[in-house]
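I opened this entry to record what I looked up in the structure. The notes go from the whole chain to single residues.

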Amino acid sequence: MPLKYYQAFELTAKDEAITRIDLHCTSLEDAKERAKQLVQDRPVELWEGPMRIARFEPVN
């Protein structure tokens with residue numbers, strides 16, 4: 001199965017990207033799971049090219 005390219009961005013409190021993580025995944029569900037695992041104390045957004053797929057918030 002070919003890999004698809006996604007980007008996950010860790011965001012500041014002002015929604016500015018501070019970290020980009022390149023993800024190569026077999027499916028959108030795989031990309032979402034991997035992006036969720038990146039969440040620590042800041043939100044993470046998952047993008048596929050110019051389209052935002054999801055946003056994951058830290059659990060407080």
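**Whole chain**

I started with burial: 30% of the 60 residues of the protein chain count as buried. I note here that the model is predicted.

I then listed the secondary structure and found one helix and four strands. Read from the N terminus, the order of the elements is β-β-α-β-β.

For overall dimensions, I took the C-alpha trace along its principal axes, where the spans are about 35 × 20 × 15 Å. The radius of gyration is 11 Å, which agrees with a compact globule because one of 60 residues would have a value near 10 Å. The exposed surface of the protein chain comes to about 4200 Å², with 51% of it supplied by carbon and sulfur atoms.

I also checked contact range. Of the contacts between residues at least 6 apart in sequence, 31% join residues at least 24 apart.

**Strand pairing**

I looked up which strands are bridged. β1 and β3 run antiparallel and are joined by four bridges; Q7 has W47 in β3 as its bridge partner. β3 and β4 also run antiparallel, with five bridges between them. In that pairing, E45 stands opposite R55 in β4.

The β3 and β4 strands form a hairpin with two residues between them. I checked the turn and found that G49 has a positive phi of about 60 degrees.

**Core**

Which residues make up the largest nonpolar core? I count eleven: Y6, A8, L23, C25, A31, A35, V39, V44, L46, A54 and F56. At least two residues of this core come from each of β1 (4-11), β2 (17-25), α1 (28-38), β3 (44-48) and β4 (51-56). As background, nonpolar side chains in soluble globular proteins tend to be buried together.

I picked A31 from the core list. Not counting residues up to four places away in sequence, A31 touches Y6, L23, C25 and L46.

**A54**

Next I turned to A54, which is found in strand β4. Is A54 buried or exposed? A54 counts as buried because its relative accessibility is 14%, and the cut-off for buried is under 20%.

I listed the contacts of A54 without its neighbours within four places in sequence, and got V44, E45 and L46. Of these, V44 and L46 are also in the core list with A54. Last, I looked up the spacing between A54 and A35: their C-alpha atoms are 9.0 Å apart, and the two residues are 19 residues apart along the chain.

Technical notes: Residues numbered from 1 in each chain as written. Predicted model: local features only at pLDDT ≥ 70, side-chain atom pairs only at ≥ 80, totals over all residues. Heavy atoms only, no water. Core = buried A, V, L, I, M, F, W, Y, C linked by side-chain atoms within 4.5 Å. Buried < 20%, exposed > 50% of the residue type's maximum accessible area, 1.4 Å probe, protein only. Contact = heavy atoms within 4.5 Å. Pairing = 2+ DSSP bridges. Rg over C-alpha atoms; globule rule 2.2 N^0.38 Å. Areas by Shrake-Rupley, 256 points an atom, 1.4 Å probe, with all protein chains shown as cover.
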